[in-house]
Amino acid sequence: MCNIYNIKMHSAQLKQAVGSYIDLTNGASFDENIYPDYPAPILRNNLDGPELALSRWGMPTPPMCVKGEADEGITNVRNISSRHWQRWLDVANRCLVPATSFSEYAQEPDPKTGKKNLHWFAINTTQPLFFFAGIWTEWIGVSE
C-alpha cells in the first residue's frame, strides 16, 4: 500500500457515490495529502448504517515490533495470517477509504539526490473519487 495518498472530496461527491450515510465529520471537505498517523476519512458500518468518520491512518503495531515507547503504527497489513491482525479482519472492522490519488516510492533512488522519489497514481487525469479497502479499530497502545 502507498505511503501517502490524496483526497480531494466534498461530502456531496461522497453522497453521490455512496448514497446516504451518517456524517461524523460535520460535512467536511477534504483537499489534502494524507500521511501515516494523520486523521483521514473512512466509510464504515455501524448498527444504524454506514457512517463517515475521521480515523487515524495506521493500525497498532504488533508488540514485538514496537521500538521504543510510542507506537507509530503500521499502514500496510500484509500478513493476515498473523494472530495480531486476526481480531480486526471480521466484517465489523472493514471500511472503505476514499481517495483521489496515491503514491509509491520509486524502486531506485534518484542518482542526483540519493532519495527515492514518489510516483503518483490516479484513475485518470481528472482524479475521480475511488475507494480502497481497509480495516479500522479504536487505537490501543501508546501513540505520540
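User: Which residues is Asn93 in contact with, leaving aside its neighbours within four places in sequence?
Analyst: In this predicted model, Asn93 is in contact with Arg87, Trp88, Gly134, Ile135, Trp136 and Thr137, once neighbours within four places in sequence are set aside.

User: And where is Asn93 placed?
Analyst: Asn93 lies in the loop between α2 (83-86) and β6 (94-99).

User: Is Asn93 buried or exposed?
Analyst: Asn93 is buried, as its relative accessible area is 12%. The cut-off for buried is under 20%.

User: What about the whole protein: how many of its residues count as buried, in percent?
Analyst: The protein has 144 residues, and 33% of them count as buried. Its accessible surface is about 9200 Å², and 53% of that surface belongs to carbon and sulfur atoms.

User: How many helices and strands are there?
Analyst: The protein contains two helices and nine strands. Starting at the N terminus, the elements follow the order β-α-β-β-β-β-α-β-β-β-β.

User: Let us turn to the sheet of four strands. What is its order?
Analyst: The order is β3-β1-β7-β8; the sheet is open, and the pairing is antiparallel. Strands β3 (30-34) and β8 (118-121) stand at the edges with a single partner strand each, so one side of each has no neighbour in the sheet. From one strand to the next, the twist averages 15°.

User: How many bridges join β1 to β3?
Analyst: Five bridges join these two antiparallel strands, β1 and β3. Asn6, for example, has Asn33 in β3 as its bridge partner.

User: Which residue in β7 stands opposite Asn6?
Analyst: That residue is Ser101. Strands β1 and β7 are antiparallel as well, and their pairing runs over three bridges.

User: Why is β1 described as largely enclosed by the rest of the structure?
Analyst: Strand β1 covers residues 4-9, and five of its six residues are buried, so the rest of the structure largely encloses the strand.

User: How do β7 and β8 pair?
Analyst: Strand β7, residues 101-105, pairs with β8 in the antiparallel sense over four bridges. Within this pair, Glu104 has His119 in β8 as its bridge partner.

User: A new topic: the backbone angles. What is the phi of Asp37?
Analyst: The phi of Asp37 is near 75°, which is a positive value in a residue other than glycine. As background, most residues other than glycine have a negative phi.

User: Where is Asp37, then?
Analyst: Asp37 is found in the loop between β3 and β4 (39-46). With a relative accessible area of 30%, Asp37 is partly exposed.

User: What is the phi of Gln127?
Analyst: Gln127 is not a glycine, yet its phi is positive, at about 50°. This residue, Gln127, belongs to the loop between β8 and β9 (130-135). Its relative accessibility of 28% makes Gln127 partly exposed.

User: What about charges: how many positive and negative side chains does the protein have?
Analyst: There are 12 positive and 15 negative side chains, and the centres of the two sets lie 6 Å apart.

User: Finally, what box do the C-alpha atoms fill?
Analyst: Along the principal axes, the C-alpha atoms fill a box of roughly 45 × 40 × 25 Å. Among contacts with a separation of 6 or more, 63% are accounted for by residues 24 or more positions apart.

How values were computed
Residues are numbered from 1 along each chain as its sequence is written. This is a predicted model: local features need pLDDT of at least 70, side-chain atom pairs count only at pLDDT 80 or more; totals for chains, interfaces and linings use all residues. Side-chain values use heavy atoms; hydrogens and water are left out. Buried means under 20% relative accessible area, exposed over 50%, partly exposed in between (1.4 Å probe, protein chains only). Contact means heavy atoms within 4.5 Å. Accessible areas come from the Shrake-Rupley method with a 1.4 Å probe; for residues, only the protein chains shown count as cover. Lys and Arg count as positive and Asp and Glu as negative; His and the chain ends are not counted. The place of a charge is taken as NZ of Lys, CZ of Arg, CG of Asp or CD of Glu. Two strands pair if DSSP finds at least two bridges between them. Axes are lines fitted to C-alpha atoms, for helices over the stretch in contact, and angles run from 0 to 180 degrees between N-to-C directions.
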